[in-house]
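Student: I would like to learn how to read the local features of a model like this one. Could we take them one at a time, with the general idea before the case?

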Amino acid sequence: MSIESVLSDRLLEQFRERAGQYDADNSFATEDFDALVSLGYLKALIPVGQGGLGWSLEQLALAQRRLATAAPATALAVNMHHVWASVANVLQARGDHRLQMVSDWISQGEVMAFGISEPGNDSVLFDSKTSASTSPDGSVTFNGVKIFTSLSPAFTRLGVFGKDETTGELVHGFVAKGPGVESMGDWNTLGMRASQSHTTKLVNAVAPREWVHSRLPAGPNADLLIFGIFASFLTLTASVYVGIADRALALGQEALNKKVHHDGTRYSQDVRARGLLAEAAMRLISLDALQRSVAADIDAAVDHREAWFPKLVTLRTLAGDAARENIQVLGQLLGGSGYFRGSEFERLYRDVQASWYHPSNAASAANTVASWLVGPLDT
């Protein structure tokens, strides 16, 4: 099925109409989520023969971008489910089947969530403040706090990791929603409110032995799981912000075609306004090419070797930058009407601020690229 046949114009308009109310109520995008489930969208990366849409990562990235033009918070919420589906695909395409269970779960209707980020842990995947204790039967008990757990009201499986203090290893596994997995209900934020990305407290949360899939050393390492998570997370998260940049450009174009100066001349003939709109379009044109090439190269298992992480963090960083810049341009083109609460611009202006906080942040991304070019900082 094509992207447009799943995410039709009519469906997106319905999402757009609901987005403001979800935002005002600080409520989960329940109707949006239910609609996406009924369309099979959460199985986008699952093969058609297994009940999915059979899409590539590039197709999904473009679909997430399209969804974000209508409801960025809804797109960001389902993004974290899609990240796990993509990680499983990235590994399987390279001969690593340790996350086959994730693909199987998604085929069966389970909803995945991402429990990686922790308060005060800027090492992200390379260390953890969560404890992981292994029992004689091979199950692992996790205790700790995970933040920005998108899809909190809807997920059924949570991917987590923690540190085994006995061995020093980082243990990765999955826990089911239920006892020991407590949502703190604390999502009351500037933007992306409908994602309901609550803090999750793990209190003796048990991952069965068969759900524990990786044990890795602390610190940076070349395990394929790490690449799969970074590649999937950064590419799909970037897509949400490319969608916001898209929508800002469309609304700016609409404003220039509608607005008229007091002397009767159209804004479309205003040289300054035309220049701002053109710059927004050029940002989007270049970002579009980068988004498509990175996603396509992941699909094709292209070996960029040490250049992979610079490419990934550049996409995520530039997507956030372009989205914020295009929203700023839209504010100038709309004028004072956009300053009022309840306008689409006002909501997008707040939603796009979340782009500052997703890994990799600007400083980390710059260090990644600089280290690729001239080596790491001296310690």
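**Reading the local features**

Tutor: Let us begin with A301, which counts as partly exposed because its relative accessibility is 36%. Please keep in mind throughout that this is a predicted model.

Student: Where is A301 found, and what is the sign of its phi?

Tutor: A301 is found in the loop between α8 and α9, the latter covering residues 308-334. Its phi is positive, about 55 degrees, although A301 is not a glycine.

Student: Which residue in the loop between β6 and β7 can be read in that way, and is it buried or exposed?

Tutor: Q196 is placed in the loop between β6 (181-183) and β7 (198-207), and it has a positive phi of about 45 degrees although it is not a glycine. Buried means under 20% relative accessible area, so Q196, with a value of 7%, is buried.

Student: Let us turn to salt bridges. How many are there, and how should I read a single one?

Tutor: The criterion is a side-chain nitrogen of Lys or Arg within 4 Å of a carboxyl oxygen of Asp or Glu, and by this rule the count comes to 22 salt bridges. For a single case, take R247 and E344, whose closest N and O atoms are 2.8 Å apart. R247 lies in helix α7 (residues 224-258) and E344 in helix α10 (residues 344-351), so this pair ties together parts that are 97 residues apart in sequence. Both R247 and E344 are buried.

Student: What should I look for when both partners of a salt bridge lie in one helix, as with K258 and E254?

Tutor: The general idea is that an α-helix has 3.6 residues a turn, so residues three or four places apart point the same way. In this structure, K258 and E254 both lie in helix α7 and are four residues apart, about one turn of the helix; their side chains meet in a salt bridge with an N to O distance of 3.7 Å. K258 counts as exposed because its relative accessibility is 63%, while E254, at 39%, counts as partly exposed.

Student: Where do R292 and D288 lie, and how far apart are their closest N and O atoms?

Tutor: R292 and D288 both lie in helix α8 (residues 271-299), four residues apart, about one turn of the helix, and the closest N and O atoms of their salt bridge are 2.9 Å apart. R292 is partly exposed, with a relative accessible area of 36%, whereas D288 counts as buried at 18% relative accessibility.

Student: Which residues are linked in a network of salt bridges?

Tutor: The residues linked in this way are D23, R193, R341, E346 and R350.

Student: Now for a helix as a whole: which residues of α3 are buried, and against what do they pack?

Tutor: Here one reads the burial of each residue together with its direction from the helix axis. In helix α3 (residues 30-38), the residues D32, F33, A35 and L36 are buried. Seen down the axis of α3, its buried residues fall within an arc of 160 degrees, so they line one face of the helix. They pack against α2 (9-25), α4 (57-68) and α5 (72-93). After α3 comes G40, whose phi is positive, near 80 degrees.

Student: How would I read the surroundings of a strand residue such as T199?

Tutor: One can join its burial to its contacts. T199 lies in strand β7 and counts as buried because its relative accessibility is 15%. Leaving out residues up to four places away in sequence, T199 touches V145, K146, I147, T149, E182, S183, M184 and D186. With D186 there is also a polar contact between the two side chains, at 2.7 Å.

Student: Which residues make a nonpolar surface patch, and what joins P359 and S360?

Tutor: The nonpolar patch, of about 360 Å², is made by W372, L373 and V374. Among them, W372 lies in helix α11 and is partly exposed, with a relative accessible area of 41%. As for P359 and S360, a cis peptide bond joins them, with omega about -5 degrees; S360 is found in the loop between α10 and α11 (362-374).

Definitions and conventions. Residues numbered from 1 in each chain as written. Predicted model: local features only at pLDDT ≥ 70, side-chain atom pairs only at ≥ 80, totals over all residues. Heavy atoms only, no water. Helix = DSSP H or I, 4+ residues; strand = E, 2+ residues; numbered from the N terminus. Buried < 20%, exposed > 50% of the residue type's maximum accessible area, 1.4 Å probe, protein only. Patch = residues over 30% accessible without salt bridge, like charges linked within 9 Å, V, L, I, M, F, W, Y side chains within 5 Å. Areas by Shrake-Rupley, 256 points an atom, 1.4 Å probe, with all protein chains shown as cover. Polar contact = N/O pair within 3.5 Å; in protein donor to acceptor, adjacent residues only side chain to side chain. Contact = heavy atoms within 4.5 Å. Arc of directions from axis to C-beta.
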